[in-house]
Amino acid sequence: MSNKIEIVQSLRGMKDLMDRDGILFSYFIEKASLIAKNYGFTYLETPILEETALFKRSVGESSDIVGKEMYQFVDKGENDVCLRPEGTAGVVRMFVQNKLDRAGGTKKYFYHGPMFRYERPQKGRLREFHQFGCESFGEASVYEDANMIIMICEILKSVKIGHKLLINSLGCQECMPPYKKTLVTHLKELHLCEDCDRRIITNPIRVLDCKNESCKIELQNAPKITNNLCKLCDEDFKKLKNILDENGIAYEVDTNLVRGLDYYTKTAFEFVSDQIGSQSAIAGGGRYDRLTEFLGGRPTPAVGFAIGIERLMELVKIEDTKDEILYIGAMNDEALDLVFSLVASKRKHMKVLSDYKPRSFSKHLANGEKQNATVIALIGENELKDRTIWIKNMVLNKEIIIPIEEF
Ligand code: HAM
């Protein structure tokens, strides 16, 4: 009889973030966290397990996330709980529970961590995945919407990722209900898939989002929300587009962008990439001015976003994660003073390697290479005379000589 022990595998749609993924993951978190802090956001952790009611009331009972995809169970204390499918609901719960809605002013939080959705796993779609998110409370101005969008652009740029930005307005409690009525009247005349027919009753705007090709053709002449906005929402949407134009942010208005979560009002946006297959959304977000109220708090305008880290990691190049290491060396005793002061000033910004030993050109090169320097900078007799510095970029394999002042 064989007593071979079977190896326990991880669950379907859940994976270990190790080796290459571990490097990419921590690299991204570091970059994004720094940018979030520069924008005035402070780090927040909320529990991964929450009461199921929280997501029913926020993400919405008619959404696929709540209706089909929750990891829901009854715990030993008979509580109906679930693993969070997204981060916003927990952050708003924290905001209300700690009475921050009564404090006035603005509050800004960033977070990252695992989210769970029981979806059919495929490329870019996991059952446990990670988000990096930001939520801003108390700011009703559309400038804050633009601020969040610009911040995502900066995060994506910092890890060298291209994208397309889609925006839409989902109106408010004034203009959305009459638009829904007009839409339903139109939809009832069309031949749509079973899912759409169900959604006409449960959440008609989600019909606009159907990926079925025949539905897309049927929906071509559907009334657009952007033509049915109230004066205030219309002005805000125009203003948002203006700010993005003024700041050189390219975007496309997609009137079918409705998002899969029910809490959005006004601005909705998504960042997509054409390089990661059908699951192309790398980030999504928007304004949710009524969610604090839905969860028992005082009305508080809010806007936020979340980036899908695994999808993003598909696009980041491992060579970009390597930190720059500068090696500075003196080729004679006279250069030591200058090298010493250059090392001290460069260390304020980056990792710098050096010592106090004059060496030959080739010995310095070998020494720098051995220590994985990405840039080697050397000063010898000629450089001292000309007030220059010799530099080799080890990644690009390029050499230049520049004036000391430009170093
Ligand atoms: P979401 O669009 O559902 O928004 O998710 C944000 C991002 O998470 C998506 O763009 C995608 O990159 C990633 N993502 C979603 N589902 C999966 C999956 N099954 N596997 C891998 N990645 C996935 C939200 O969750 C909102 N809470 C965003 C937000 C924050 N809105 C306002 N504040």
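**Close-up views of a predicted model**

**View 1. What lines the second largest pocket.** The residues around the second largest pocket split into 7 nonpolar, 6 polar and 8 charged. This is a predicted model, so read every view here with that in mind. In total, 21 residues line the second largest pocket, and the space inside comes to about 750 Å³. Look for Tyr27, Asp320, Thr321, Lys322 and Asp323, since these are the lining residues that lie nearest the pocket's centre. Helix 1 (residues 20-38) gives the largest share of the lining, with 7 residues.

**View 2. Where the second largest pocket sits between the domains.** The domain assignment splits the protein into domain 1 (19-175 + 229-312) and domain 2 (325-406). Which domains does the second largest pocket lie between? Domain 1 and domain 2 each give residues to the lining of this pocket, so the pocket lies between them. If you zoom out, the C-alpha centres of domain 1 and domain 2 are 45 Å apart.

**View 3. An open sheet of 3 strands.** Here the strands come in the order 2-4-3, and the pairing is antiparallel. Strand 2 (49-51) and strand 3 (71-74) take the edges; each has a single partner strand, so one side of each has no neighbour in the sheet. Going from one strand to the next, the twist averages 35°.

**View 4. Strand 3 against strand 4.** Moving in on one pair of this sheet, strand 3 and strand 4 (residues 80-83) run antiparallel and are joined by 4 bridges. How is Gln72 paired, and what is its bridge partner in strand 4? The partner is Cys82, so a handy way to find your place in this view is to pick out Gln72 and Cys82 together.

**View 5. The largest cavity.** The structure has 3 cavities of 30 Å³ or more, and this view goes inside the largest, which holds about 60 Å³ of space. Its lining is made up of Leu44, Glu45, Thr46, Arg84, Gly87, Val91, Tyr111, His112 and Gly113. Strand 5 (residues 107-116) gives the largest share of that lining, 3 residues. By type, the lining of the largest cavity divides into 3 nonpolar, 4 polar and 2 charged residues.

Methods
Residues numbered from 1 in each chain as written. Predicted model: local features only at pLDDT ≥ 70, side-chain atom pairs only at ≥ 80, totals over all residues. Heavy atoms only, no water. 1 Å grid on protein atoms, 1.4 Å probe; cavity = no way out; pocket = protein on both sides within 12 Å on 5 of 7 lines; lining within 4 Å. Points joined across faces, edges and corners; volume = space filled by probe spheres on them. Helix = DSSP H or I, 4+ residues; strand = E, 2+ residues; numbered from the N terminus. Nonpolar A, V, L, I, M, F, W, Y, C, P; charged D, E, K, R; others polar. Domains from an automatic or database assignment. Pairing = 2+ DSSP bridges. Axes fitted to C-alpha atoms, helices over the stretch in contact; angles between N-to-C directions.
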